Amino acid sequence: MAIEIGSKLTGKVTGITNFGAFVDLGDGKSGLVHISEISNEYVKNINDFLSVGDEVKVLVTNIDQSGKIALSMRKAEDSAPAKAPKAARDNKPRRSKPAPNFKRQQSSRSSDFDTMMSNFLKDSDDRLASLKKNTEGKRGGRGGRRS
């Protein structure tokens, strides 16, 4: 099968780097899936999404004059749900905290916020007054005072 721009292929991950993953497309051809083309969500560590030997569905996005093939897993998915990181795919049960009583906390939060805001405004006014007092009489910026 000829590899053309826009064709969807299945390949096997042969190598992982910090900038992307190399995918073997068969017939001695391989391409690179850039880190930004692995998933629709932010990918900090490629190893959370892929490992060597995984079979992946890719879309050929570009073939340059030197024969380098650019691939995208993200665009090959179309409307399929985004592939979750391996940690999220594990079947280990996650411990979660019980949901807090929102109504009870909301009233205390608003009063806490008002208190914090008034304290911030007082502190800010004090700092501005101190700054103005210390810089008001000085002119010229750099250099020492001349007597």
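This is a short tour of a predicted model, one selection at a time.

**Whole chain**

Start with everything shown as cartoon. The chain holds three helices and five strands. Trace the cartoon along the sequence and the pattern reads β-β-β-β-β-α-α-α. The chain has 147 residues, and 20% of them count as buried. Switch to a surface view next. About 11,800 Å² is exposed, with carbon and sulfur atoms supplying 51% of that area. For contacts, take pairs of residues at least 6 apart in sequence: 55% of these contacts join residues at least 24 apart.

**Colour by confidence**

Now colour by pLDDT. The chain averages 79, and 69% of the residues score at least 70. Where is confidence highest, and where is it lowest? Select residues 69-72 for the high end: this is strand β5, at 94. Then select residues 86-89 for the low end: helix α2 has a mean of 54. Where pLDDT is low, the predicted coordinates should not be read in detail.

**First hairpin**

Select residues 8-16 and 20-26. These are strands β1 and β2, paired in the antiparallel sense over four bridges. Together β1 and β2 form a hairpin, with three residues between them. Show Val13 as sticks and look across to β2. Which residue is the bridge partner of Val13? Val23 is the partner.

**Second hairpin**

Keep β2 and add residues 29-34. That segment is strand β3, which pairs with β2 in the antiparallel sense over six bridges. Label Gly20, then find His34 in β3, which stands opposite Gly20. Now go to the turn. β2 and β3 form a hairpin with two residues between them. Select Asp27 in this turn and check the backbone torsion: phi is positive, at about 55°.

Strand β2 is thus worth keeping on screen: it pairs with β1 and also with β3.

**Helix α3 and a surface patch**

Move on to residues 102-135. This is helix α3, where Leu121 is found. Select Leu121 together with Phe113, Met117 and Phe120, and show their side chains. These four residues form a nonpolar patch on the surface. Their accessible area together is about 420 Å².

Finish on Leu121 alone. Why does Leu121 count as partly exposed? Its relative accessibility is 46%. The partly exposed class lies between the buried cut-off, under 20%, and the exposed cut-off, over 50%, so Leu121 at 46% counts as partly exposed.

Terms used: Residues numbered from 1 in each chain as written. Predicted model: local features only at pLDDT ≥ 70, side-chain atom pairs only at ≥ 80, totals over all residues. Heavy atoms only, no water. Pairing = 2+ DSSP bridges. Buried < 20%, exposed > 50% of the residue type's maximum accessible area, 1.4 Å probe, protein only. Contact = heavy atoms within 4.5 Å. Areas by Shrake-Rupley, 256 points an atom, 1.4 Å probe, with all protein chains shown as cover. pLDDT = per-residue confidence, 0-100. Patch = residues over 30% accessible without salt bridge, like charges linked within 9 Å, V, L, I, M, F, W, Y side chains within 5 Å.
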